[in-house]
Amino acid sequence: MDVKIKSMKYDDFKDNEALEQLRAAGTNIIMGSLDKLIDWGRSNSLWPLTFATSCCGIEYMAVGAARYDFSRFGFEVTRASPRQADFIMVAGTIVHKMAPVLKRLYDQMAEPKYVIAMGACAISGGPFKDSYHVVKGVDTIIPVDVYMPGCPPRPEALLYALMQLQRKVKVEKFFGGVNRKEKRTK
Amino acid sequence: MININDKCIKDKILSVAPDAAFDEAAIFTVTVPAEQYHRLAHCLRYDADMRFDYLLCMTGMDWGDALGVVNLLESTTHDQSLFLKTAVTDRENPEIPSVADIWETAILNEREVFDYFGIRFTGHPDMRRIFLRNDWVGYPLRKDYNADEALNPVRLANEELIDTTTVYEAVAGGKTEAHTRTVFEEGEYVVNIGPQHPATHGVLHFRVSLEGETVKKVDVNCGYIHRGIEKMCESLTYPQALGYTDRLDYLGAHQNRHALCMCIEEALGLEIPDRVKVIRTIMDELQRLSSHLLFWSCLCMDLGALTAFFYGFRDREKVLNMMEETTGGRLIQSYNVIGGVMNDIHPDLIKRIKEFIKYLPPMLKEYRDVFTGNVIAQQRMKDIGVLAKEMAVAFGVTGPSGRASGWACDVRKRKPYAAYDKVQFKEAVRTEGDSFARYLVRIEEIEQSLYILEQLADNIPAGDYAVKTKPVIKLPEGRFFKSVEASRGEFGVYIESRGDKNPYRIKFRSPCLPLVDVVDTLARGGKIADLIAIGGTLDYVVPDIDR
């Protein structure tokens, strides 16, 4: 059985149109450098909330273990308290009874906070979307930063999603920026 | 050994319930009117010739004109099974006498039936919803359920937890009185554990009443991952319904799917090739290995031994690799299909299994060195949460947890399926019934699984990996039940068919529901820290409870 696996091209891996737009905007050199420093630190120490509802949670655990080891990217400090967490990974189906609990957990997290929707269920309800008791996508309850398809997503996909989140964190500006594009059109 | 078709048994049943009707299908069925239901249940449970002490599966039913329950009873002494069926025609106020005083497992199961069908059980101590919110409108598994989302929108207001429950008492004249019973008194110190707590292994909610550090009572609140799989299956064809079984207990994905496939195959009368049986057995055992290794990792982590988590996951990844090569999936494999398996095994599978059989025993020794022999670990598990054998049977606690209490309940031995009658293995049974026994049983089962794999690795018969089935699969009319030994206990599938291409009612007998049911009994009088050890060694998977 010869299976040819096409790996992702490195350029594709970095490709993300939404982030390119953010990056295109300019900034003051001092403030921009300060922002870069802060974002570099923040993006490499994102702490997830220990939160899993079903199957995806097991893959999440597998990523925490030695083989995939997400501590290489600074994610290993999983926090049991939402007050100490930077992002919440919605790993698994969210049902009607769980929805207020998830909302509350999200509200309890300190800003800046991020959400990753892991797996088909969290994105849209997935295989359970016809059910009477399943929320059709967590983005109806809380804002989502990264969507990660799969049922359940492989650990590699999870790592990729986490890196996408890092990229998103890296283009954030705390001290404000200048929008070059808008200037040009004037 | 008795024969249930025996005339004297029938006479006995008729003497207690004169209106009982019999149906001699594959599994003997007794139908009684609701008035005689409790009396007959009592007789079936305590009569020396019958002793149906194990309520395997309670299924709520909506037959359109009537609502009712179908109980699958088993006798652990006589090795017999029987369906006990009852129904009421009143759809507004359906009432059936409760059998919670006869089988403890009925307490939670009747709450489930109440939740799904709105059938009130008279004499039941605690008639609350269990999976759905208290303010849910309607009973979802009824055939005339109104699924309009305007009735039940996603409510983002926090659910009000109520400290009282309703008890329906049958009084003279065929009337029913409702009483209010307090679950938690005013001023009782109640601590919430979950629904978001790392030690509950998922989204489970315990409300624990404490006296200092001592647990007085545990109230289980499920449903935080209730996806309504049984209802969805009713509108799907049989091959489509297979997909959901993997997602019930994802650590027993193969075994769950195996159960549904076998149930359908038996109903169709399909002859399964020997090769398929052996492949399925191998996959079931690999799944058991992966599940028990995860159990070990997580239990140790719950008890504070973080290193063990990495050890266990390192070895579990090797099992996942083997499964992935053949099935293409790490966790959800979708490998079994009706009539066989999806594709032939990978040519390297046998080689890898043999390597793994050599690899794991030294690792198990390492496990023992780091954890089993550890004084702290032993003190946290020995004599903690002792479950007596009678209680295990009454609650229907099967699998490694039941066997740790001395109940030889392994389905692989009791009702051999697939290739389990061709292999030799020892059923791990202990008598202590405490957390440590539950832990040791699982470690021994890892060794036994390796032994089974060793016997099968070189003996896979040649042949097809699947038999051809019709493009549209229609089951004949009737009731079908099949169970397998999943990683956590007896997983059963109950199908009621009306001859269509989709099931009229499908019910999954979850092995984990009895496991949370028994937490209250085990934790009472113990310390709150012991609750973690008890939960860890019972090893429940929450999506399997909630379905």
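Visitor: How many residues does the contact take from chain A, and how many from chain B?
Guide: This is a predicted model, in which local features need pLDDT of at least 70 and side-chain atom pairs count only at pLDDT 80 or more, whereas totals for chains, interfaces and linings use all residues. Residues are numbered from 1 along each chain as its sequence is written, while chains are lettered from A, and ligands numbered from 1, in the order in which they are written. Two residues are in contact if their C-beta atoms, placed from the backbone, lie within 7 Å. The contact takes, from chain A and chain B respectively, 39 residues and 38 residues.

Visitor: Which element gives the largest share of the side of chain A that touches chain B?
Guide: Helices (H or I, at least four residues) and strands (E, at least two) are DSSP runs, numbered from the N terminus. On the side of chain A that touches chain B, α4 (55–64) and α5 (99–108) of chain A each supply at least two residues. The largest share, 6 residues, comes from α5(A).

Visitor: How many residues on that side of chain A are nonpolar?
Guide: Ala, Val, Leu, Ile, Met, Phe, Trp, Tyr, Cys and Pro count as nonpolar, Asp, Glu, Lys and Arg as charged, and the others, Gly among them, as polar. On the side of chain A that touches chain B, 9 residues are polar and 7 are charged, and the number of nonpolar ones is 23.

Visitor: Which strands are the edge strands of the open sheet of 5 strands in chain B?
Guide: Two strands pair if DSSP finds at least two bridges between them, and this sheet, with mixed pairing, has the order β1-β2-β5-β4-β3. The strands that pair on one side only, and are the edge strands, are β1 (21–24) and β3 (54–62) of chain B.

Visitor: Which residue stands opposite B:Met61 in β4(B)?
Guide: β3(B) runs antiparallel to β4 (residues 67–75) of chain B, and 8 bridges join the two strands. Opposite B:Met61 in β4(B) stands B:Gly68.

Visitor: What angle does the direction of helix α2 of chain B make with that of β2(B)?
Guide: Axes are lines fitted to C-alpha atoms, for helices over the stretch in contact, and angles run from 0 to 180 degrees between N-to-C directions. Helix α2 (residues 34–46) packs on the sheet, touching β2 (28–33), β4 and β5 (80–88) of chain B, and its direction makes with that of β2(B) an angle of about 135°.

Visitor: Are α7(B) and α8(B) roughly parallel or roughly antiparallel to each other?
Guide: The axes of α7 (residues 274–302) and α8 (residues 306–327) of chain B come within 8 Å and cross at roughly 165°. Angles under 35 degrees count as roughly parallel, over 145 as roughly antiparallel, 65 to 115 as roughly perpendicular and the rest as oblique. The two helices, α7(B) and α8(B), are therefore roughly antiparallel.

Visitor: Which residue takes a positive phi in the hairpin of β11(B) and β12(B)?
Guide: Strands β11 (residues 205–211) and β12 (residues 214–221) of chain B run antiparallel and are joined by 7 bridges, and B:Glu211 has B:Thr214 as its bridge partner in β12(B). The hairpin has 2 residues between the strands, and a positive phi near 70° is taken by B:Gly212.

Visitor: What is the radius of gyration of chain B?
Guide: Chain B has 18 helices and 17 strands, and its C-alpha trace spans about 70 × 60 × 55 Å along its principal axes. The radius of gyration is taken over C-alpha atoms, and the globule rule is 2.2 Å times the number of residues to the power 0.38. With 547 residues, a compact globule would have a value near 24 Å, which agrees with that of chain B, 23 Å.
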